[in-house]
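The following exercises ask the reader to work through a structure step by step. Each task is followed by a worked solution.

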Amino acid sequence: MLTVTGVCTVLAVSVLFFILGYLFIQGGRSLNWDFLTKLPAPVGGTGGGMANAIVGSGQVLLLATMIGVPIGFLAGVYLAEYEGVLFSSLVRFVTDLLNGVPSIVIGIFAYTLIVLRVKHFSAIAGGVALGIMMIPIAVRSTEEFLRAVPVSLREGALALGSSRWKMVVTVVIPAALRGILSGMMLNLARVAGETAPLLFTSLNNQFWSTGLSQPTATLPVMIYAYAISPYPDWHRQAWAAGFLLLMLVLSVNVTARYVISSGFSHKARV
Amino acid sequence: MFASIRSEVAVQGSREIENTRSKAGLKLQSRNLSFYYGKFKALHEIDLKIQANKITAFIGPSGCGKSTFLRTLNRMNETIRHTRFDGEVLLDDDNILNLELTALRRRVGMVFQRSNPFPKSIFDNVAYGPRLNGIRGKSALEEVVEKCLVRSALWDEVKDKLHKTAYDLSGGQQQRLCIARALAVEPEVLLLDEPCSALDPIATAKIEELLFQIKDFCTIVMVTHNMQQAARIAEYTGFFLMGKLIEFDTTKTIFEKPSIQATEDYITGRFG
């Protein structure tokens, strides 16, 4: 029995290392300064880079954060602190359902909501799609971390004559902030690699996007476009983009873990 | 049947106390107070008068309702769902239900069984209440913080690390910090719910000593598991059993010649 479980554990871990190693070998050697700073080469040409997609991913993720984090955070505060039993279990159920909606469906939703209205693809539409995807996890992780704050801290604040919302703002949220922050970072890392919702929304762009209301290149869509192309040089660049994306996600993960394991609220054992 | 006799005696006891004290000495009283967790009646018609600037202690076995009673006095039980109480509690002459909740809790502070400092610095812990009350000036806050830490006998130990996290303090220091934090709101009454139950004898002695100091400007009501503690520091003692106030009198009377058998049995260690 021990052997079987041990083998499966090794298998589970080795999948990750296999992917990491393969990306590192294939992508690492294609990753160079040009890749980070230059625009894509014209179709069929060699060289060039994905600078526009790197910036574009940043723009779309920033928009997604601006939409997903405030809505998710505040709704999480509501669920944790001001619940009416029936309503909040309904909200929890709905957010869980939303979390289960395939990302491509959310892409179509943003496409219908924004792209069809304004009649062109845009970074904004992509940001809205990813922002919607962030909401359920943002809500639930905020709620979990707020609930983990001990009752004794809440009572301590109330006993000093704090009102309910002042207690939440001055004691409960600060005590849970590191946890919430790391939850949001992991959430962002999760949507950073989403491709399907962006295909209908921010689409792609071979050049610098001229504004948030214009079609915008992003790393995942770029990987998709380059990987299905017939050109070996583009395949090479797709690997490099994959490697870059993975590095970004990994570093966000590591930072989030650092945030949660250091500092005040950890010492507080909340 | 015994219950009604017991509570009658208790009422008489507190009447006597009232007669021997001037009316001005009465700080807090409960009248016919019953408390319910859902359908469970946890407190049965409690009548009790608490004297100003004295230490009043409640003793009794676990689950007897003494903590529930204490938490009714600042309406802390309202944070628990499906609870309610009948009867009334008067702070001076005000029914506590007519007072604004936050105002009541500023007048009637509370220290809990387990120390619960906020995950903030020592300074910010003590300054929490004053800041709620709108004190913003740095020097004004520093003054309050120092005063309260001195009163809670913690100043000398923490004056060089006021801006360090409160979690670095020992258990006893944390509890004194919580007392300082409660005092910073300048409460008229301070409720303490078994404040020393998690502390060693030395830390306990420090807290008892400081309670003696602060009763000059603050009425103290405490729940304790430790009968010696009640005997040491309280002027008045109430004995609770199964949700009823069995006997309430001066500590001397309760410990030396209690008028009810159950009190004597508990004090002499026959149960509980």
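The coordinates are those of a predicted model.

**Exercise 1. Determine how much confidence the predictor assigns to the complex and to chain B.**

Solution. Begin with the complex as a whole: the predictor gives an ipTM of 0.86 and a pTM of 0.84. Next, turn to chain B, where the mean pLDDT is 89 and 91% of the residues reach 70 or more. Then look for weak stretches: over residues 1–23 of chain B, pLDDT stays under 50. For this stretch the model has 29 contacts beyond four places in sequence. Where pLDDT is low, the predicted coordinates should not be read in detail.

**Exercise 2. Describe the architecture of chain A.**

Solution. Count the elements: chain A contains 12 helices and zero strands. Take the extent next; the C-alpha trace spans about 70 × 55 × 35 Å along its principal axes. Of the 270 residues in chain A, 44% are buried. Finally, consider the contacts in chain A with a separation of 6 or more: 75% of them join residues 24 or more positions apart.

**Exercise 3. Characterise the side of chain A that touches chain B.**

Solution. First establish the contact: 19 residues of chain A meet 21 residues of chain B. Then assign the chain A residues to helices: α7 (151–159), α8 (164–192) and α12 (264–267) of chain A each supply at least two. Among the contributors, α7(A) gives the most, with six residues. Lastly, sort this side of chain A by residue class, which yields 10 nonpolar, six polar and three charged residues.

**Exercise 4. Which residues of α5(B) are buried, and how are they arranged around the helix axis?**

Solution. Start with the geometry. Helix α5 of chain B covers residues 138–151, and its 14 residues reach 20 Å from the first C-alpha to the last, close to the 20 Å expected at 1.5 Å a residue. The buried residues in α5(B) are Val144(B), Val145(B), Cys148(B) and Leu149(B). Seen down the axis of α5(B), these buried residues fall within an arc of 125°, so they line one face of the helix. The general principle is that an α-helix has 3.6 residues a turn, so residues three or four places apart point the same way. On the face of α5(B) turned away from the buried side are the exposed residues Ser139(B) and Ala140(B). Now identify the cover: the elements over the buried residues of α5(B) include α4 (122–132), α6 (155–158) and α7 (171–183) of chain B. After α5(B) comes Ala153(B), with a positive phi near 60°.

**Exercise 5. Establish how far α7(B) is covered and how α4(B) meets α7(B).**

Solution. Check the length first: the 13 residues of α7(B) reach 18 Å from first to last C-alpha, close to the 18 Å expected at 1.5 Å a residue. Burial follows: α7(B) is mostly covered, with 12 of its 13 residues buried. Among these buried residues are Gln174(B), Arg176(B), Leu177(B) and Ile179(B). They pack against β6 (108–111), α4, α5, α6, β7 (189–193) and α8 (201–214) of chain B.

Consider next the pair α4(B) and α7(B), whose axes come within 6 Å and cross at roughly 35°. Ile122(B), Asn125(B), Val126(B), Tyr128(B) and Gly129(B) in α4(B) meet Leu177(B), Ala180(B) and Arg181(B) in α7(B). The residues of this contact divide into five nonpolar, two polar and one charged.

How values were computed. Residues numbered from 1 in each chain as written. Chains lettered and ligands numbered in written order. Predicted model: local features only at pLDDT ≥ 70, side-chain atom pairs only at ≥ 80, totals over all residues. Helix = DSSP H or I, 4+ residues; strand = E, 2+ residues; numbered from the N terminus. Expected span 1.5 Å × (residues − 1). Buried ≥ 20, exposed ≤ 12 C-beta atoms within 10 Å, placed from the backbone. Arc of directions from axis to C-beta. Contact = placed C-beta atoms within 7 Å. Nonpolar A, V, L, I, M, F, W, Y, C, P; charged D, E, K, R; others polar. pLDDT = per-residue confidence, 0-100. Axes fitted to C-alpha atoms, helices over the stretch in contact; angles between N-to-C directions.
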